[in-house]
Amino acid sequence: MNLSNRTMAWALLAAIVAAPGIAQGEPGAITVFVAKKVVTMDPTQPAATAVAVRDGEILSVGSLQDLQPWLKNNKVTIDEQFKDKVLLPGFIDPHLHPLLGAVAFETVWITPEPWNVMGDKTPATIGQEDYLKALKTAFADRKKDAPIFMTWGYSADTHGVISGDILDGISKEVPILVLQRSMHEIYINTPMLALLKSKGLDAVKYKDHPQIDWKNRHFWEDGMFSVALPYMAGFLLDPAAADPGYQKTRDYLTHNGVTTVADMNTGGTNYDLEMASLKRNFDTPDSPVRVRLTPDVMKLAIALKSPEAAMKLVGGLKAQNTKHLIFNNGIKLFADGAMFSQAMQLGDPGYIDGHHGEWISEPGPFAEFARSYWNAGYQIHVHTNGDGGAKMVLDTLQMLEGEKPRADHRFTIEHYGYANDGVSRRIAELRAQVSANPFYLYDLGDRYAANGLGTDRAARIAPLGGLVKRNVPVALHSDFPMAPAEPLFLAWTAASRETLSGKVFAPTERLTLDQAIRAVTIDAAYMINMETKLGSIEAGKLADFAVLDRDPYEGGVDTLRDIKIWGTVFEGKAHPAKQSEPGK
């Protein structure tokens, strides 16, 4: 806008603001947010300088002069606090676990990679000697009145061997819980095992479980999720312990411009306790983050002792929707194991050392649950990481499409850890979509090239370029705490395909800058079936904005991870980011 036009616009708005009408903050009041630039993600109007908002929704987008028809004869507030900043749609993380974020923040972090969470920095710990030293130091420095000691981040390929006996060597009195980096495995000491038994865990019943090593007190995949985790729910979700973690997770999301997340495992631990935690910490008037609920239907069926009871519970969720907690017919299934522990199912030639992957859900039961929810019209999201896991999942999708075709099923592959171009082609043919974790390549590419996959297959971690070339919808997620809940950093990893060492793997699988930003805004909204209300700044959508210090399109891919975020606007209300206190 040139100077004369700007002057005219302000003169016009001066008259509008002077008009009698509704006071700011009251229902029906109009607020105009003025910005240096508004990046709308709406192709019909890619950029603007002002957004009019009423009752949490966007009325109009454009210049101040463009907004005039909506503003005349109304009391209008002009909000200039972002006049030197850039507005984007509120970022969307379409696969995140508020519960796991809360649990992670309850623990001591000893991780193979460095972290920076709102200024609270965790250095990388490499090698068994340094890991055990850090573990012993953390235990000695623990809060002495805490009933258990928990740590997160252990990874065998960088931290060496650990076992229940090693943990007993640290303490035979205080329960110790070591959460593996993937949060799909735990190691516990004898006091922790005794605690779980006191809660009802029957070791005799599960003495032959293939994913439990009782001697080393190691539980993984289904052995952790179905056997151990239900008896941990009480102390993990105790409000006194969990709520500060939930609150920090919420603050962390706002710090990174996130206004919507999809909880991709609702009820996977304990449905009642999880929902109570979400209501206390996210379903409040001051919450700047909404949560799309995605129930883990197989875990619900186990807990309720009936697949039919689980489906009945899921069928009643929409009637309980609130402003902050929303169910819109998405459900979650699990296929193969975790990427961070090399438990994903691989096709030939398998793993270099010959070990095999794991199934979280065996193919038979997986297909039965998928058929039930497919036939009932639900959107199905499936955790799968390896190409072997993807084959089973896509075989199931092909079978379901053959039995009962659906026009807009949005069947979603979650994570997409390792695959070749043939898998990408098949996803396109079956009209599926992919919500990917691009941090896998950044964090694991170097390590898995040397140990597990080899260089050629490690280069195919999170291969997204072949998907978008075939018009497959692609979104980026953090699966926090698997990756930082930082959408612009995730966009950078997908667009650069750099690893921690700075190597570039398979540049043909890069997303463009625009594709990467779409993958955390409008395409992420599409992934969770919320694109009619979220993901772009246009009339009729919710007034959710990420407030940035500069336009990500101007600096290019290399600058994405350096952009500073002021905070967010959630349904028309500004929420500045909080800075963490180191060590908190």
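At what angle do helix α14 (residues 387-403) and helix α15 (residues 421-429) pack, and how far apart are their axes? Keep in mind throughout that this is a predicted model, and begin by selecting these two helices. Helix α14 and helix α15 pack at an angle of about 20°, and their axes lie 11 Å apart. Because angles under 35 degrees count as roughly parallel, α14 is described as roughly parallel to α15. If you turn the view to look through one helix onto the other, the way in which α14 passes α15 is a left-handed crossing.

Next, show the side chains where the two helices meet. From α14 the contact takes in D387, A390, K391, L394, D395 and Q398, while α15 contributes V423, R426 and I427. Coloured by class, the residues of this contact between α14 and α15 divide into four nonpolar, one polar and four charged.

From the helix pair, move to the second largest pocket, for which a convenient selection is N116, N256, E486, F489 and R561, the residues that lie nearest its centre among the 26 that line it. This pocket has a volume of about 680 Å³. To see which parts of the chain surround the second largest pocket, highlight β8 (115-117), α9 (239-255), α16 (439-450) and α19 (487-496), the elements that give two or more residues to its lining. By class, that lining comprises 15 nonpolar, five polar and six charged residues.

The tour then turns to enclosed space, where the structure holds three cavities of 30 Å³ or more. For the largest cavity, with a volume of about 390 Å³, select H97, L100, M183, F225 and N265, which are the closest to its centre of the 33 residues that line it. At least two residues of the lining of the largest cavity come from each of α3 (98-106), α8 (222-236), β15 (258-266), α10 (271-281) and β18 (330-334), and α8 gives the most, with five residues. The lining of the largest cavity divides into 20 nonpolar, nine polar and four charged residues.

The last stop is the second largest cavity, in which about 50 Å³ of space lies. Its lining can be selected whole: P89, G90, I92, T259, T260, K533, L534, G535, S536, L542 and D544. Coloured by class as before, the lining of the second largest cavity shows four nonpolar, five polar and two charged residues.

How values were computed
Residues numbered from 1 in each chain as written. Predicted model: local features only at pLDDT ≥ 70, side-chain atom pairs only at ≥ 80, totals over all residues. Heavy atoms only, no water. Axes fitted to C-alpha atoms, helices over the stretch in contact; angles between N-to-C directions. Helix = DSSP H or I, 4+ residues; strand = E, 2+ residues; numbered from the N terminus. Parallel < 35°, antiparallel > 145°, perpendicular 65-115°, else oblique. Left-handed = near helix turned anticlockwise from the far one by under 90°. Contact = heavy atoms within 4.5 Å. Nonpolar A, V, L, I, M, F, W, Y, C, P; charged D, E, K, R; others polar. 1 Å grid on protein atoms, 1.4 Å probe; cavity = no way out; pocket = protein on both sides within 12 Å on 5 of 7 lines; lining within 4 Å. Points joined across faces, edges and corners; volume = space filled by probe spheres on them.
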